[in-house]
Amino acid sequence: MYAECGKVGCMAVATRSSSKSSGASWQQATLAPVVFFRGPEDTFARNAFTRLTEQARASCPDVDIHQVDVASYESGGLAQMASPSLFGGFPLILVDRIESAPQAFQDDLLSYLLAPSSEAWLVLRHRGGVAGKRMVDALRKAKVPTFSCERIEKLGDQVSYLQALVSGQGRRAESAALTALAQALGSDLGELTAVTQQLLDTTSAANAPLTEDIVREYVGSRVEFKAWDVADIILSGNHARALKDCRIAVSTGCTPVAIVMAVASKLRQLAKLHGGQANPQQLGMPPWLVRKLSGEARQWSDDGLAHAIIWTAEADHMVKGGSRDPGYALEKMIHEIAAGRTM
């Protein structure tokens, strides 16, 4: 149902939301008399508020926008803001971090939810926790459309988010490039979004895909490699890439000892699977890892794998005090492993 918003040509949702979501993604949110976002991810919350503001402006060009600072809220303010102006459009009231709102706002919101205005939009966000529980319970009881702004912690989820960001602008990116970005910037989604956007803007003239080389050149030593990541690269036999990434890893706090130990551990796994004679049930590995390592083991000859194991054992001795230059021992191991892949 729609209603005129006070200006000719302005239309707004009057009574009900078209969404019946409860905890759905913030990206699914649409305007309604009251919309509630819940979760600690500030980037998603900003995006959600921006999207709904754009929807309001599209529906009513003269929308009257109120950004509420709950810290300075005064009693009665919500009802006053929700009253349409005789000469303006529908009010859009944006209230972030309601968990820190004073008692005056909490009381006003509870009263407002008993009879929300059909000529205003109220958008709320709670970051989580037990503060403001009365408001959250009242919003749930009122069946207000609720959407999630939860953080994404897993690397795969971060890469999926970046892929959607890139494809949404009609651009392409290598999965390895987005993985490198997520590894470099960690779980700071705001910075991750900003850097990705900057890379897209920088390469927009060529309209070329975002490649791993572009990302690594841009973020440089910020890429926080873990020992296991470096071990995978070393054992792939890509000598130049392994040297480069190993140096980055060491410069960002990954020790030579940790890298050598990771390489040795993976070599032991490959040795168990080499030749395909081992019984997977006796290996103590999950089936998916057995399948993955079996494919890698087939890429090694007997002599090549033995060569890699010997030089890794030598490097292990050197980085644990047998040499004054563990960096050299590490790079010598990388060189010999690469050689072993060609045997």
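This section describes the confidence, helices, nonpolar cores and selected residues of a predicted model.

The chain has a mean pLDDT of 82, and 85% of its residues reach 70 or more. One stretch departs from this picture: over residues 11-22, pLDDT stays under 50. For this stretch the model has 38 contacts beyond four places in sequence.

Helix H1 covers residues 42-59, a run of 18 residues. At 1.5 Å a residue, a span of 26 Å is expected for H1, and the end C-alpha atoms are 26 Å apart, so the expected and modelled values agree. At the start of this helix, the backbone nitrogen of Thr-43 has a side-chain oxygen of Glu-41 within 3.1 Å. Thr-43 itself belongs to the buried residues of H1, together with Phe-44, Ala-45, Ala-48, Phe-49, Leu-52, Thr-53, Ala-56 and Ser-59.

The largest nonpolar core of the model consists of 43 residues. Within this core, the residues with the most contacts are Phe-37, Leu-92, Trp-121, Leu-178 and Leu-181. Both strands and helices contribute: at least two residues each come from strands E4 (34-38), E6 (91-95) and E7 (121-126), and from helices H1, H5 (155-167), H6 (175-185) and H7 (189-202). The most is given by H6, which supplies seven residues. Another core, of 31 residues, lies apart from the largest one; Ala-242, Leu-273, Ala-297 and Met-333 are among its members.

Two residues in other helices illustrate buried positions and their surroundings. Gln-106 is placed in helix H3, which runs over residues 103-114. Its relative accessible area is 12%, which is under the 20% limit, and Gln-106 is therefore classed as buried. Leaving aside residues up to four places away in sequence, Gln-106 touches Ala-101, Gly-132, Arg-134 and Met-135. Ala-338 is found in helix H14, residues 326-341. With a relative accessible area of 12%, Ala-338 also counts as buried, because this value falls under 20%. Beyond residues up to four places away in sequence, the contacts of Ala-338 are with Gly-237 and His-239. His-239 is 99 residues from Ala-338 along the chain, yet the C-alpha atoms of the two are separated by 5.8 Å.

Two loop residues have a positive phi. Arg-97, in the loop between E6 and H3, has a phi of about 55° although this residue is not a glycine. Its relative accessibility of 35% lies between the limits of 20% and 50%, so Arg-97 counts as partly exposed. Lys-143 is likewise not a glycine and has a positive phi of about 55°. The loop that holds Lys-143 connects helix H4 (133-141) and strand E8 (146-148). At 73% relative accessibility, Lys-143 is over the 50% limit and is therefore classed as exposed.

The cysteines were also examined. With a disulfide taken as a pair of cysteine sulfur atoms within 2.5 Å, the count comes to zero disulfides. Cys-149 has 0% relative accessibility and is therefore counted as buried. Cys-246 is buried as well, because its relative accessible area of 2% is under 20%.

How values were computed
Residues are numbered from 1 along each chain as its sequence is written. This is a predicted model: local features need pLDDT of at least 70, side-chain atom pairs count only at pLDDT 80 or more; totals for chains, interfaces and linings use all residues. Side-chain values use heavy atoms; hydrogens and water are left out. Helices (H or I, at least four residues) and strands (E, at least two) are DSSP runs, numbered from the N terminus. Buried means under 20% relative accessible area, exposed over 50%, partly exposed in between (1.4 Å probe, protein chains only). Contact means heavy atoms within 4.5 Å. The expected span of a helix is 1.5 Å times one less than its number of residues. A polar contact is a pair of N or O atoms within 3.5 Å; within protein, one must be able to donate a hydrogen and the other to accept it, and residues adjacent in sequence count only if both atoms are side-chain atoms. A nonpolar core is a set of buried Ala, Val, Leu, Ile, Met, Phe, Trp, Tyr and Cys residues joined through side-chain atoms within 4.5 Å. pLDDT is the predictor's confidence in each residue, from 0 to 100.
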